[in-house]
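Me: I am new to this structure and would like to go through it by question and answer. Please keep the replies plain.

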Amino acid sequence: MPVEDVFSQRWRGAFFTGRIERGTVRPGDDVEIVGFGRTGSGEVTAVESFGKALDEAVAGENVAVWLRGLRPEDIQRGQVVAAPGTVTQHAGFEAEAHILSEDEGGRGDTLAAHGKREAQFYFRTTDVSGPVHTLLRDGTDALMAVHLAEPVPLAVGQGFAIRERGKGVGSGVVTKVLD
């Protein structure tokens with residue numbers, strides 16, 4: 001489950017919100033927070049949806065999850081909460097990408113060449129920059145290798161968007177994680 005927002009309630013502790021991507025979460029579950037080079041763990045004390053306490057929540061539901069063992073400053077938007085050991089973070093990946101042409105809403109020129117410019121890569125609820133080491137012309141499909149500024153939870157088959165200079169320029173799918 002990617003973290004969308006993090007909150008703290010004075011007497012109750014930390015909680016975060018997000019949409020469950022896969023699996024089930026229940027009060028009493030042990031979870032791991034993964035992303036940005038950090039990993040933490042805690043116990044789910046409550047699961048709520050629109051203020052109503054739930055015995056469990058499943059994939060597709062938007063929920064708030066209360067945690068014991070973590071402070072609000074230990075969690076941030078873009079991290080992923082999962083069962084311990086099920087999600088890994090990586091800074092490098094290979095991908096198949098489509099670079100938008102100007103007619104498709106892209107910039108209408110070359111994306112980057114040999115790491116000279118960095119693009120923003122959006123995964124789930126986070127964005128992280130990374131140099132592009134392949135010349136990517138608009139309106140084309142390409143294989144690319146990227147090394148991100150910070151490690152984020154990545155998996156083969158995961159989609160992402162590419163932005164450069166404040167404009168959406170493409171999208172892609174991770175085909176291989178590198179580290």
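Me: Along strand S11, which side chains point to one face and are buried?
Reply: This is a predicted model. The side chains of S11, residues 118-123, alternate between two faces. Glu118, Gln120 and Tyr122 point to one face and are not buried. Those that point to the other face and are buried are Ala119, Phe121 and Phe123.

Me: How many bridges join S11 to strand S12?
Reply: S12 covers residues 126-131 and runs antiparallel to S11. The two strands form a hairpin with 2 residues between them. Within this pair, Phe121 stands opposite Val128. The number of bridges joining S11 to S12 is 6.

Me: Which residue of strand S14 does Phe121 stand opposite?
Reply: S14 is made of residues 159-164, and its pairing with S11 is antiparallel, over 3 bridges. Phe121 belongs to the buried face of S11. Its opposite residue in S14 is Ile162.

Me: What is the phi of Arg124, in the turn of the hairpin?
Reply: Arg124 is found in the loop between S11 and S12. Most residues other than glycine have a negative phi. Arg124 is a residue other than glycine, yet its phi is positive. The value is about 50 degrees.

Me: Is Arg124 buried, partly exposed or exposed?
Reply: Buried means under 20% relative accessible area and exposed means over 50%, with partly exposed in between. Arg124 has a relative accessibility of 33%, so it counts as partly exposed.

Me: Where is Phe36, and is it buried or exposed?
Reply: Phe36 is found in the loop between S4 and strand S5, the latter being residues 38-49. It has a positive phi of about 60 degrees, although it is not a glycine. Its relative accessibility is 11%, and the cut-off for buried is under 20%, so Phe36 counts as buried.

Me: What is the order of the strands in the open sheet of 6 strands?
Reply: The pairing in this sheet is antiparallel. Strands of a sheet pair through backbone hydrogen bonds. The order is S12-S11-S14-S15-S10-S13.

Me: Which strands are at the edges of that sheet?
Reply: An edge strand pairs on one side only. Neighbouring strands of this sheet are turned by 40 degrees against each other on average, direction ignored. The edge strands are S12 and S13, the latter being residues 141-153.

Me: Which residues does Glu94 stand opposite in S15 and S13?
Reply: S10, residues 89-99, is joined to S15, residues 167-177, by 7 bridges, and the two run antiparallel. S10 is also joined to S13, by 9 bridges, again antiparallel. Opposite Glu94 stand Lys176 in S15 and Ala145 in S13.

Me: How many residues of S10 are buried?
Reply: S10 has 11 residues and is mostly covered. The number of buried residues in S10 is 8.

Me: Why does Thr17 count as buried?
Reply: Thr17 lies in strand S2, residues 13-19. Leaving aside neighbours within four places in sequence, its contacts include Met1, Phe7, Val63 and Ala64. Buried means under 20% relative accessible area. Thr17 is buried because its relative accessible area is 18%.

Me: How far apart in space are Thr17 and Val47, C-alpha to C-alpha?
Reply: The two residues are 30 residues apart in sequence. From C-alpha to C-alpha, the distance between Thr17 and Val47 is 9.8 Å.

Me: Which strand gives the most to the lining of the largest pocket?
Reply: The largest pocket holds about 420 Å³ of space. Of the 23 residues that line it, the closest to its centre are Met1, Arg22, Val81, Ala82 and Ala83. S3 (24-25), S4 (30-35) and S9 (80-82) each supply at least two lining residues. With 3 residues, the strand that gives the most is S9.

Me: How many helices and strands are there in the protein?
Reply: The protein has 179 residues, of which 42% count as buried. Among contacts between residues at least 6 apart in sequence, 63% join residues at least 24 apart. The count is 0 helices and 15 strands.

Definitions and conventions. Residues numbered from 1 in each chain as written. Predicted model: local features only at pLDDT ≥ 70, side-chain atom pairs only at ≥ 80, totals over all residues. Heavy atoms only, no water. Buried < 20%, exposed > 50% of the residue type's maximum accessible area, 1.4 Å probe, protein only. Helix = DSSP H or I, 4+ residues; strand = E, 2+ residues; numbered from the N terminus. Pairing = 2+ DSSP bridges. Contact = heavy atoms within 4.5 Å. Axes fitted to C-alpha atoms, helices over the stretch in contact; angles between N-to-C directions. 1 Å grid on protein atoms, 1.4 Å probe; cavity = no way out; pocket = protein on both sides within 12 Å on 5 of 7 lines; lining within 4 Å. Points joined across faces, edges and corners; volume = space filled by probe spheres on them.
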